[in-house]
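Work through the following exercises with the structure in view, and try each task before reading the solution beneath it.

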Amino acid sequence: MLSPDAALLGFARALRAAGVDASTERLHAFLRAVDTLGPGMQTDVYWAGRLTLCGSPDDLERYERVFAAYFGVAEPAGRAPVAAPPPRLRMVVRDAPASRTATGQEPHAPPVAALAGSAEVLRHRDFAELDAAERAAVHRLLAAFALPGQARRTARRRPVRRGDVDPRRTVRELLRGGGEPARLRYRARAVRPRRVVLLVDVSGSMAPYADALLRFAHAAVRGTRTEVFTIGTRLTRVTRELSHRDPDLAMAALAAAVPDWRGGTRLGELLREFLNRWGQRGMARGAIVVLLSDGWERGDPQLLADRMRRLHRLAHRVIWANPRKARPGYAPLAAGMAAALPSVDAFVEGHSLAALERLAAAVTGADVASVGGADRA
């Protein structure tokens, strides 16, 4: 069983994957609050996290969703946000020994820590090895993911308190006051996330992972500027099907729209089709393109290598997530994978929740090797 601190660190990582800015300072405050209250009560853990890890009103809904999935809280009917656990009173013994029982053994793990510990272990399990109950728990955690693209400055400017002087607004303010001296107005470049394009392999070799990866894509589509395509023997744009708020409805709509489930793989030809129909026209230009595939290629590897070079010139960043990469002794020897790698900026795993969290960090521009370093601080 994991320690309570390790389980709570996993909860913080899940919040980060959902888009909550749970910084190192907030994380330390959360751990101190739980240590003071004790990790044995769900209500205390809930409020300690809500008051320390959430920095804006936008974080609250994500926090509710992640808390429900991570700690096994049943969601109300209609998938509404989880209500706060009811307040409960408890007695606190100030001078009680902190760590060991009279027999000298470690006390039993608190119920909340036990639940969180099972969720933390599940984060590292391979999707292909999950049973039905574990898969349902993974689906709940995947529904809380977020995938914002790396921030970029745009040509549009917005009013700010400090920055470059905005001559137009300053002059208008001057004229509005009849020529009397007015306060200077300032402006700065607006910042927005880059577009993210997901190409998800649904061929036969990816069957154990396709469902989880498509649910990950469904969570990403909830954000802005995200496009999703499936690749196998055909290229299918499924952004519209994944726009359903309910994940199960989205998966049903997607199943009806994709005609090539568990078929072969023609990565080179389909990548050429994507570039000719959508990428060259602007969808891939300056975007972060993520391929979720094991790299098996039935077509010409040289064609894939050529199209990957073209994609790399168009996109801001190309990331490849391969579920097979986590296997012991793995080497990118498959013809398609070997042909694509020279044009890939980041080559990551994609077999588990923890791997998808690292993928989300890579999309935002974080150093994948350092992801989780704050958690160990």
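**Exercise 1.** Is the crossing of helix 8 and helix 9 left-handed or right-handed? Describe also how these helices pack.

Solution. The model is a predicted one, and the first step is to locate the two elements, helix 8 at residues 207–221 and helix 9 at residues 247–257. Their axes lie 10 Å apart and form an angle of about 115°, and the crossing is right-handed. The last step is to list the contacts: from helix 8 come Asp211, Leu214, Arg215 and His218, which meet Pro247, Asp248, Ala250, Met251 and Leu254 of helix 9.

**Exercise 2.** Check the span of helix 3, and then work out how helix 3 is oriented against helix 4.

Solution. Helix 3 covers residues 42–53, which is 12 residues, and at 1.5 Å a residue it should span 16 Å. Its end C-alpha atoms are 16 Å apart, so the expected span and the model agree.

For the orientation, begin with the angle between helix 3 and helix 4 (residues 57–70), which is about 150°, with the axes 11 Å apart. Because angles over 145 degrees count as roughly antiparallel, helix 3 is roughly antiparallel to helix 4. Helix 3 passes helix 4 in a right-handed crossing.

The contacts complete the picture, with Gln42, Val45, Tyr46, Gly49 and Arg50 of helix 3 meeting Leu60, Tyr63, Glu64 and Phe67 of helix 4. The buried residues of helix 3 include Val45, Tyr46 and Gly49, and Thr43, Asp44 and Ala48 are also among them.

**Exercise 3.** Why is strand 5 described as largely enclosed by the rest of the structure? Identify its pairing partners too.

Solution. Strand 5 runs over residues 226–231, and six of its six residues are buried, so the strand is largely enclosed by the rest of the structure. Looking at the two faces in turn, Thr226, Val228 and Thr230 point one way, while Glu227, Phe229 and Ile231 point the other way, and all are buried.

Next come the partners. Strand 4 (residues 196–201) runs parallel to strand 5 and is joined to it by six bridges, with Asp201 bridged to Ile231. Strand 6 (residues 235–237) pairs with strand 5 in the antiparallel sense over three bridges, with Thr230 bridged to Thr236, and a hairpin of three residues joins strand 5 to strand 6.

**Exercise 4.** Which strands form the edges of the open sheet with the order 1-3-2?

Solution. This sheet has three strands with antiparallel pairing. Strand 1 (151–160) and strand 2 (164–165) are the edge strands, since each pairs on one side only. Strand 1 pairs with strand 3 (residues 186–193) over seven bridges, and Arg158 stands opposite Ala188 in strand 3.

Methods:
Residues are numbered from 1 along each chain as its sequence is written. This is a predicted model: local features need pLDDT of at least 70, side-chain atom pairs count only at pLDDT 80 or more; totals for chains, interfaces and linings use all residues. Side-chain values use heavy atoms; hydrogens and water are left out. Two strands pair if DSSP finds at least two bridges between them. Helices (H or I, at least four residues) and strands (E, at least two) are DSSP runs, numbered from the N terminus. The expected span of a helix is 1.5 Å times one less than its number of residues. Buried means under 20% relative accessible area, exposed over 50%, partly exposed in between (1.4 Å probe, protein chains only). Axes are lines fitted to C-alpha atoms, for helices over the stretch in contact, and angles run from 0 to 180 degrees between N-to-C directions. Angles under 35 degrees count as roughly parallel, over 145 as roughly antiparallel, 65 to 115 as roughly perpendicular and the rest as oblique. A crossing is left-handed if the near helix is turned anticlockwise from the far one by less than a right angle, and right-handed if clockwise. Contact means heavy atoms within 4.5 Å.
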